[in-house]
Amino acid sequence: MNNKPLRSIYLIPYTAWVLLFVIAPIALIVYYSFFDLTGQFTLSNYANFFSSVYLKLTISSFWYAFLITLFSLLVAYPTAYFLTKTRHKQLWLLLIIIPSWINLLLKTYAFIGLMGLYGPLNAFLETIGIGKQQILFTDFSFVFVSVYIFIPFMILPIFNALDKLNPALIDASRDLGANAWTTFRRVILPLTMNGVKSGIQVVFIPALSLFMITRLIAGNKVITLGTAIEQQFLVTQNWGMGSTIAVFLTLFMFLIMIITSGGERGTTKVGKVK
Amino acid sequence: MKDLIRGVILIVIISFVLMVINSKLGEGGSRSSKDSITVYNWGEYIDPDLLKQFEQETGIKVIYETFDSNEGMMGKIEQGGTSYDISMPSEYMVEMMAEKDLLLPIDYDKVPNIQNIDPYFLDLPFDPKNKYSIPYFWGTLGIAFNPTLLEGQTFESWDSLWDPSLKGRVVLVDSARETIGMGLNSLGYSLNSTDLRELRQATDKLNTLIPNVKAVIGDEVTQLMVNNEAAISLTWSGQAADMMYENEDIDYIVPEEGSNLWFDNMVIPRTAKNIDGAHAFINFMLDAEVAAQNADYVGYSTPNEAALTLMDPEVIEDERFYPDEETRSHLEVYKNLGLEMLGIYNELFLEVKMNMN
């Protein structure tokens, strides 16, 4: 099976995929970003991006993506840890994964009903004496629904990392006198850091470009880079500006990939020791 | 490995069988584009019974597809690969599509029912002599509100939305021309202003409305109003009619400073395959009885004069949906301001939305 022609045949699907669906689109976006509405070559789109409104938009997108990732992590890590300790862990994991198969928009619409003034959430707040609150169309509802949507994607890689962790290492740590907190901080966390990093990647990056939820749940009070791109292409029909925002979004993504994939030394290798 | 191959083969066979069945079902009575037309319309914008009636009367099968924005619709037609025989753009979009040479001229020999249309709605600036388009429905933009959820506030003008007692209650439309237009109208400027100073003033005025804004959304607002979730919204007249149909407490007004008067129009895209069928469809929709039934179903205002005589007098005397000419003279039709201006409107609107956080 090791002859060369066969190996290059195997390479075809991968190369074709990367060329057609990764390199070509990015090249096109970069190309379009240099043209204005009349089809003239220009750098004005880039100048425009650094105007106050788009800069503010970028900062707020990052802030919300950060919040969403942080809360997803805070919920997902303990959940994943708990799951690895249960007896039928694959079943429990499946129960968490199943809702992520349902279309995102359908789930979002459900939240409009749940969080409405006459929805169950407000009915609950009223019975415990807090009274009706405007929940829908707030920052809170936006972060809450986004976290709900992203949690399964955060749990999976962390679960896999924790599951692969050799229990003997924890026993060793305890035998050597480390308490539970130190064991977690010095042994478990470093060994599962890769799971956390891939979790952050799959949550933070899509969170930057969330759209529709911004309108349906946040009532456009939160606007992300994704919304701005959609508007430029569909409403304003300014493909140049839309592409420019997309170029920056792509750059941010690479940046995050580089940051979260750094430091793949020692730690992972130890994890693989059996 | 054997199981895997068997599985894959099974899936391929099943898919193929389903594909054959699907194409057999799709054929129905029609074998070619000669006896079918494809209608591309807004959602919920026609009485489905009329499509059946048209099929029975003419033997032409109707394939019906929907869109939810003028720009999206134009994009699809412009990119090609579609063969829509009828579409329903709004007035500024008719102008834009005509400029881009995406429309076919209408042959009035095949549309005798054009005489049913009120001349007031013909030969308008966006399509002189109705070369490419025939009005389908018309309406206004105004304020829908639910008095039972409010403390006696009344609405006559745009300015009443700025009332400090309405904190967090006003729902706006996620569309730049409408929202910036409201700012312009409230200052007494034209909806079609291209004066940057006026646009700046309108944006600043909208920024002061922010404390009162509950959300900036699209069609979802209908459900929110019907369910008493929202009390006040910037709404098109037909959408308001939908709300009132389901929730009788809701009322609708067109503000006195002026507002938008709009038209959705039947056109034949350049990509049409069955041009005769398209004309037959237009002529059918202009028939007095058909137009009356359709207006009754859809709830927007019909430009069909002959149809009005067949409709419930209570409906057509309702000033909220059929304003008299005096009121209409305060209203403005959107002009196509060009892509550059549209970009400026959208950037200003984005700024207002960003300030809400």
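This report walks through a predicted model of two chains, A and B, from overall make-up down to single residues.

Residues are numbered from 1 along each chain as its sequence is written, and chains are lettered from A and ligands numbered from 1 in the order in which they are written. Because the model is predicted, local features need pLDDT of at least 70 and side-chain atom pairs count only at pLDDT 80 or more, while totals for chains, interfaces and linings use all residues.

**The two chains**

Here are the basics for each chain. Helices (H or I, at least four residues) and strands (E, at least two) are DSSP runs, numbered from the N terminus. A residue is buried if 20 or more other C-beta atoms lie within 10 Å of its own, exposed if 12 or fewer, and partly exposed in between, with C-beta atoms placed from the backbone.

| Chain | Helices and strands | C-alpha span along principal axes | Buried residues |
|---|---|---|---|
| Chain A | 13 helices, zero strands | about 70 × 70 × 30 Å | 31% of 274 residues |
| Chain B | 14 helices, 10 strands | about 70 × 65 × 40 Å | 44% of 357 residues |

Chain B has a radius of gyration of 23 Å, which agrees with the value near 21 Å for a compact globule of 357 residues. That radius is taken over C-alpha atoms, and the globule rule is 2.2 Å times the number of residues to the power 0.38.

Two residues are in contact if their C-beta atoms, placed from the backbone, lie within 7 Å. Taking contacts in chain A between residues at least 6 apart in sequence, 71% join residues at least 24 apart. In chain B, residues 24 or more positions apart account for 76% of the contacts with a separation of 6 or more.

**How far to trust chain A**

The predictor's confidence in each residue, pLDDT, runs from 0 to 100. Chain A averages 89, and 94% of its residues score at least 70. Among the elements of chain A, α7(A) has the highest mean pLDDT (94), and helix α13 (residues 267-272) of chain A has the lowest (43). Over residues 265-274 of chain A, pLDDT stays under 50, and the model has 10 contacts beyond four places in sequence for that stretch. Where pLDDT is low, the predicted coordinates should not be read in detail.

**Where A meets B**

Chain A puts 23 residues into the contact and chain B puts in 26 residues. On the chain A side, the elements giving two or more residues are α3 (52-85), α10 (213-216) and α11 (225-234). The largest share of that side, four residues, is from α3(A). By type, the chain A side splits into 11 nonpolar, nine polar and three charged residues. For that count, Ala, Val, Leu, Ile, Met, Phe, Trp, Tyr, Cys and Pro are nonpolar, Asp, Glu, Lys and Arg are charged, and the others, Gly among them, are polar.

**Inside chain B**

Chain B is assigned domain 1 (35-138 + 264-322) and domain 2 (139-261 + 332-355), with bounds from an automatic or database domain assignment. The C-alpha centres of these domains of chain B lie 27 Å apart. Their contact takes 14 residues from domain 1 of chain B and 13 residues from domain 2 of chain B. On the domain 1 side, α4 (91-99) and β5 (133-145) of chain B each supply at least two residues, and α4(B) gives the most, with four residues.

Helix α8 (residues 237-246) of chain B has seven of its 10 residues buried, so it is largely enclosed by the rest of the structure. Among the buried ones are B:S237, B:Q239 and B:M243. The buried residues of α8(B) pack against β5, α7 (221-226), β8 (232-236), β9 (251-253) and α10 (288-298) of chain B.

**The largest nonpolar core**

A nonpolar core is a set of buried Ala, Val, Leu, Ile, Met, Phe, Trp, Tyr and Cys residues joined through C-beta atoms within 7 Å. The largest one has 142 residues, and A:I158, B:I86, B:V171 and B:F281 touch the most other members. Helix α7 (residues 139-164) of chain A gives the largest share, 14 residues. Both domain 1 and domain 2 of chain B give residues to this core, so it lies between them. Leaving aside neighbours within four places in sequence, B:I86 has contacts including B:I37, B:V39, B:M266 and B:F281.

**Two backbone oddities**

Most residues other than glycine have a negative phi. A:M212, in the loop between α9 (180-208) and α10 of chain A, has a positive phi near 75 degrees. B:E44 has a positive phi of about 55 degrees and lies in the loop between β1 (36-42) and α2 (48-58) of chain B. A:M212 counts as partly exposed, with 13 C-beta neighbours inside 10 Å, and B:E44 counts as partly exposed with 15.
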